[in-house]
Amino acid sequence: MLGLWFFITAINFPLSTAAQTRPVAVAPGFELNLFADPTNVSEFRGSGVPATYIGPSALAFDKRGRLFVATLAGKILILLDNNDDGRAEEVKTFASGIPTPLGMTFRSNGDLFITSNQLPFLGGLGRIIRLRDTNGDDVADEQTIIFDGLPSDGEHQTDRLRFGPDGLLYIGQGSSTDNGTAKPGRPEERPLNGTMLRINVDAQNPTPEVFATGLRNPFGMAFQPMNGELFSTDGGSGEVCQLGDCGEDTSPPEEIDWIVQGGNYGFPACEGTPDARPGCVGVRAPITQFTRHLTPTSLAFYTGPQANEYSNQLLVTLFKRLFGEGGNLQRLVLEGDKNTGFRVVGRFEIVEFGLIDPGDGPVDTAIDPISGDIYVARTDTVPHRDPNEHHHFIYRIHRQGSDALPFIGALNPALVKAGSGGLTITLVGRHLKSGAIVLVDNVPVTTRPGASLFDISADLPAGATATARTLTIQVQNPDGKLSNSQTITVTNNDPPPMDKQPQITSSFVYFKNPGRVVNPVVVAAKGKKYGLVIRGANFDAGAQLLVNGAALDLISASTTELVARLTNGLLAQPGVWTIQVRNSDNKISNTVTITVLAQ
């Protein structure tokens, strides 16, 4: 399997003068489009050798379903599809200056964790970084190094990372060598090389512990969502020979492993299937293997409302296409359990990406938590003269016909106490049309559009929560098409404290009283006669309504609505208001905007 430093130097390839492409092939029942490429994401655009440093390297969705993208250039981007057409229209820079980020994952509290790797000539240190947005402006205000000094100065690097069911952070750490023997002047294997690590990020002095060993380069990893078991890719030693007299290729196959605590997976003494070799004693066998050099780069379990009959099957990307194999996204059918072991009993191709160059292929996969769309990042490390020619792509893959259906994500709140009276629920969705209504156990309730195409709120009557039960929530578009179902549990017990992050779902300006809604908002001489209404959830007793960072005087306040008096200055000239809610604990809501037009 190729190491990182081969990926980002690409010195073995001449400048390509013409696009090298083959058609992308998609399996029946699926559809594909380009969500991002150099024409709509300027960070993916470049020419020559420098452009090999800028492609996407990792993907992660936040809980609102927004796609975060790490690039080899050291940026963390947010790619926003604001008009819900399946293609990014807006790019935000969440963070920058992070050396070679290869892994990215969100914690449940919204913190983003990154693996970072210095180039070898700069020290080659791997580190784990936490990024935190403290004021809700989509920029990381805090960059905290959780652990520094991981051994990434050899052939491989600090790879992906994921939080496990135990709340600990798991990190794949590559080996220093290709096959166990260091090249002249290069580092030997050290205790943390070739391992699966885990770390308690909340400890006073977080220190990684070795969870499993014998992994040459555990680049892709994923936890099975139902049983919590950990699986990882691992690439075999050796490089593919394509020119000259290559001789016999004895490199071992690539593999996927079921990772258990204390497990030894064979590198360097027993790569491939364990056999009678002395170094194979106690080595755990892979659950499946791939032809040598194909380079598995990512794992993800297929979840969400589109998975259906493929639910929780394992998705894997293979970076290279060689000898008619690989360069694709595959779906693997797993069988077994932790008592009998796991094995792959079926393998099916979803997309073949039309690869030609050996340094150009898919590197990561993420599932939209709301729609269940599959996103795959492709990075092209081959130098090209044309700045638009690099295949720095992000594909959106979905089930055929799914774009015509609404989808909804988790509800807020999802757990309430019986007898608590009526309440407002908020949700985030996809493909929600104007006039969509929320159904509670198939009965329509009062529904309000939110601050964007993706937000909606609804009022549940007191009778719905009068007794302990489970409520089924759906959204119905005006054409009658129904979304997937989510549930609210009504319990006799006190629910645990909910996430108190304030959330704005809708806003409007009124003149003199809230019944006189002003739309559009235009410049006015007497701004104090106008008011601003913000609706949402989790507004606490000390919540402030901020417009362009300044708090307005409140007329009334509740947990779901703030009403404020506008100022003359706000309506004195055209512009865009940036609106947020800040709770008394300094937690900040999402941002919405209102445009003031000239008269």
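## Quick briefing: a strand-rich chain

With 599 residues, this chain would have a radius of gyration near 25 Å if it were a compact globule, and its 26 Å agrees with that. Bear in mind that you're looking at a predicted model. By secondary structure, the count comes to 46 strands and 1 helix. Here's what else is worth a look, from the overall dimensions down to single residues.

**Overall build**

- Laid along its principal axes, the C-alpha trace covers about 85 × 55 × 50 Å.
- Of the 599 residues in the chain, 55% are buried.

**A charged patch on the surface**

- Four residues, Lys 512, Arg 516, Lys 526 and Lys 529, come together on the surface as a patch of positive charge.
- To find Lys 526, go to the loop that runs between strand 39 (521-522) and strand 40 (530-537).
- Lys 526 has 53% relative accessibility, so it counts as exposed, the cut-off for that label being over 50%.

**Two cis peptide bonds**

- As background, most peptide bonds are trans.
- The bond from Asn 412 to Pro 413 is cis, and its omega sits near 0°.
- Pro 413 belongs to the loop linking strand 28 (407-408) and strand 29 (415-417).
- Another cis bond runs from Asn 519 to Pro 520, this one with omega near 5°.
- Look for Pro 520 in the loop between strand 38 (517-518) and strand 39; strand 39 also borders the loop that holds Lys 526 from the positive patch.

**Positive phi outside glycine**

- Again as background, a negative phi is what most residues other than glycine have.
- His 293 goes the other way, with a positive phi near 80°.
- You'll find His 293 in the loop between strand 18 (288-290) and strand 19 (296-301).
- The relative accessible area of His 293 is 2%, which means that this residue is buried, given that the label applies under 20%.
- Asn 308 has a positive phi too, near 50°.
- Asn 308 is placed in the loop between strand 19 and strand 20 (314-318), while the loop with His 293 ends at strand 19.

**Worth pulling up in the viewer**

- For backbone geometry, start with the cis bond at Pro 413, then move on to the one at Pro 520.
- For contrast in burial, put His 293, which is buried, alongside Lys 526, which is exposed.

How values were computed: Residues numbered from 1 in each chain as written. Predicted model: local features only at pLDDT ≥ 70, side-chain atom pairs only at ≥ 80, totals over all residues. Heavy atoms only, no water. Patch = residues over 30% accessible without salt bridge, like charges linked within 9 Å, V, L, I, M, F, W, Y side chains within 5 Å. Areas by Shrake-Rupley, 256 points an atom, 1.4 Å probe, with all protein chains shown as cover. Salt bridge = Lys/Arg side-chain N within 4 Å of Asp/Glu carboxyl O. Lys, Arg positive; Asp, Glu negative; His and termini not counted. Charge placed at Lys NZ, Arg CZ, Asp CG, Glu CD. Helix = DSSP H or I, 4+ residues; strand = E, 2+ residues; numbered from the N terminus. Buried < 20%, exposed > 50% of the residue type's maximum accessible area, 1.4 Å probe, protein only. Rg over C-alpha atoms; globule rule 2.2 N^0.38 Å.
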